[in-house]
Each structure stands twice: as structure tokens, then as C-alpha cells.
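Student: Please give a close account of the aromatic side chains, and then place that part in its wider setting.

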Amino acid sequence: MDKPINVCGLVGSLRKASFNGMLANALISLAPPSMKLEIVEIGQLPLYNEDLETASPPAQWTMFRRRVKAADAVLFVTPEYNRSVPAALKNVLDVGSRPYGSSVWDRKPGAIVSASPGAIGAFGANHHLRQSLVFLNVPTMQQPEAYIGHVDKLFDEHGKLMSDGTGKFLREFMQAFANWVERVDRGAGASDGLRQVRASAASG
Ligand code: FNR
């Protein structure tokens, strides 16, 4: 079997009892065997400041950039703050986009799950995020869309997903995402596909 698709999961909420965090954990187990999702912490990243973009930028930035660069794909799981993404998530986009010409996002296949206790499932955040991802050249899966409303009703006190219907939808979403990554990879033009190119670049 091929190496699983290595997916970097970025959660827009920093709070311990985050529903989006619970959702991201559920997605780890709902991903198909061909995909390995790992959540990367973003709360410790210093706010982007061009003055710090020197020969020795903050170590957290460097580690984060390396981690995303090594990933085959990126999955955003985000709440909505004031009809946009939380600042912590916008910060990772900015940190990953620099230094100019070395963006870690370029051509990295992506997908978005947004969630809110509200009825419209953080639709605004989902689409604001898409605006940045267009500029960052992240080929972002369009269908199925995932706006998870009433997310506060979906988990038990241990953070376990209780809704079979949502579980089924998210499982299908992750399978579609795996298919999307393979499709983007194959369409990249490199005869070996982007994942192979990335794997050989990482090994030598
Ligand atoms: C919110 N919340 C919120 N919800 C929403 O559906 N649309 C919005 O625009 C906002 N705006 C907003 C701003 C700020 C600053 C906060 C703190 C919260 C509510 C939000 O959806 C709720 O707190 C979620 O539980 C946050 O997600 P996590 O932390 O549970 O993952």
C-alpha cells in the first residue's frame, strides 16, 4: 500500500473545550485508511511581524513552516469569529506565506470544515478563509461543503461524537478529501505526482 496521505490539521480555536477541537479529533478517526490526519498546535505561534523575518526568525515559525511543507495536504477546522476566521488562524496563514517566494501553502491541497453552535455552521468564516486560500494557491475542495451547525449538541461530555448522521457525513467528507488530494496531485503535471516529488525532496 502507498504511504498514507499526510494531512496537517489546523484548528482555529485555542480553547481547551473547543467544539472545533472535538470535531478535529473525530475527523482523525473518520479519515479513510489512506489518510493520516495530525493536528498541529497553532496557539504558540508569535503574531506575524515582518521585523522578525530575519536570518533567524522565531523558532516556532520555522517549525510550523517545516511541518506544513512536509504535509501532503492541509485541513482547516474553524469556528467563526465576527463572520470571519479567528485571528490565530489568520496568523498561521500569514506566517506560512512568508518569506516572500517561499510560501508553504503554494499548491498544497486543502479542505475546510467550519462549525458553530449557531445554525449556519460558520459559513462566513468558511468563505472568508476561502478568499485567502485562493490567493495562497491552495487548491481547496469545493464539494462537499462542511458547515456544521449546532455543534454544541453533537458531542457527549467526553468529547465523543454522538450523531451518527454527522459521523456519516464527515466520513464521506474525508473520503472525498482523500480523492481530492490524489486528483490535485495527479493533475500537477509532474510525472510522479506532487506527493512523490515532496517525499524525494524531504529525503535528500
Ligand atoms: C463568536 N461566536 C460566533 N459564532 C458564530 O456563529 N458567528 C460569529 O460571527 C461568532 N463570533 C464570535 C466572536 C468571538 C470573539 C467569539 C469568542 C465567539 C461564537 C462561537 O461560534 C462559539 O464561541 C464557538 O463555541 C467557538 O468555537 P469553539 O471554541 O467551541 O471551537
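**The aromatic pairs and their setting**

Tutor: Phe76 and Trp105 are both buried (under 20% relative accessible area, against over 50% for exposed and in between for partly exposed, with a 1.4 Å probe and protein chains only). The model is predicted, so local features need pLDDT of at least 70 and side-chain atom pairs pLDDT 80 or more, whereas totals for chains, interfaces and linings use all residues. Residues are numbered from 1 along each chain as its sequence is written, and side-chain values use heavy atoms, without hydrogens or water.

There are five aromatic pairs in the model, a pair being rings of Phe, Tyr or Trp (its six-membered ring) with centres within 6.5 Å, called stacked under 30 degrees between planes, edge-to-face over 60 and otherwise tilted. One of them joins Tyr48 to Trp61 in a stacked arrangement, with 4.9 Å from centre to centre and 20° between the planes. This pair links distant parts of the chain: Tyr48 belongs to the loop between strand 2 (35-39) and helix 2 (59-70), Trp61 belongs to helix 2, and 13 residues separate them. Helices (H or I, at least four residues) and strands (E, at least two) are DSSP runs numbered from the N terminus. The two partners differ in their exposure class, since Tyr48 is partly exposed at 22% relative accessibility, while Trp61 is buried at 0%.

The pair of Phe76 and Trp105 is tilted, because the ring centres lie 6.0 Å apart and the planes stand at 40°. It too links distant parts of the chain: Phe76 is in strand 3 (residues 73-78), Trp105 is in the loop between helix 3 (87-97) and strand 4 (110-115), and the two are 29 residues apart. Phe64 joins these two residues, Phe76 and Trp105, in one aromatic cluster.

Strand 3, which carries Phe76, is also part of the sheet. The sheet is open, has five strands in the order 2-1-3-4-5, and pairs in the parallel sense; strands pair if DSSP finds at least two bridges between them. At the edges stand strand 2 and strand 5 (147-148), each with a single partner strand, so one side of each has no neighbour in the sheet. At one of these edges, strand 4 and strand 5 pair over two parallel bridges. Here Ser114 stands opposite Tyr147, which is in strand 5.

The loop that holds Trp105 has a further feature. Pro99 lies in this loop between helix 3 and strand 4, and a cis peptide bond joins Pro99 to Arg98, with omega about 0°. A cis peptide bond also joins Gln143 and Pro144, with omega about -5°. Pro144 is placed in the loop between helix 4 (123-135) and strand 5.

Between strand 3 and helix 3, the loop contains both Asn82 and Arg83. Each has a positive phi although neither is glycine: the value is near 50° for Asn82 and near 65° for Arg83. Asn82 counts as exposed at 79% relative accessibility, and Arg83 counts as exposed at 56%.

The charged side chains complete the setting. Seven salt bridges are found in the whole structure, each with a side-chain nitrogen of Lys or Arg within 4 Å of a carboxyl oxygen of Asp or Glu. In one of them Arg83 meets Glu80, with the closest N and O atoms 2.5 Å apart. Glu80 is buried, at a relative accessible area of 18%, whereas its partner Arg83 is exposed.

In helix 3, Lys90 and Asp94 form another salt bridge, at 3.0 Å from N to O. These two residues lie four apart in the helix, about one turn. Lys90 is partly exposed at 35% relative accessibility, and Asp94 is likewise partly exposed at 25%.

A salt bridge also connects Asp152 and Lys153, again with 3.0 Å from N to O. Asp152 is partly exposed at 28%, while Lys153 is exposed at 59%. In addition, Lys36, Glu38 and Arg67 are joined into one network by salt bridges that share partners.

Finally, Glu182 is located in helix 5 (residues 164-186) and is partly exposed at 27% relative accessibility. From Glu182 to Gln142 there are 40 residues in sequence and 15 Å in space, C-alpha to C-alpha.
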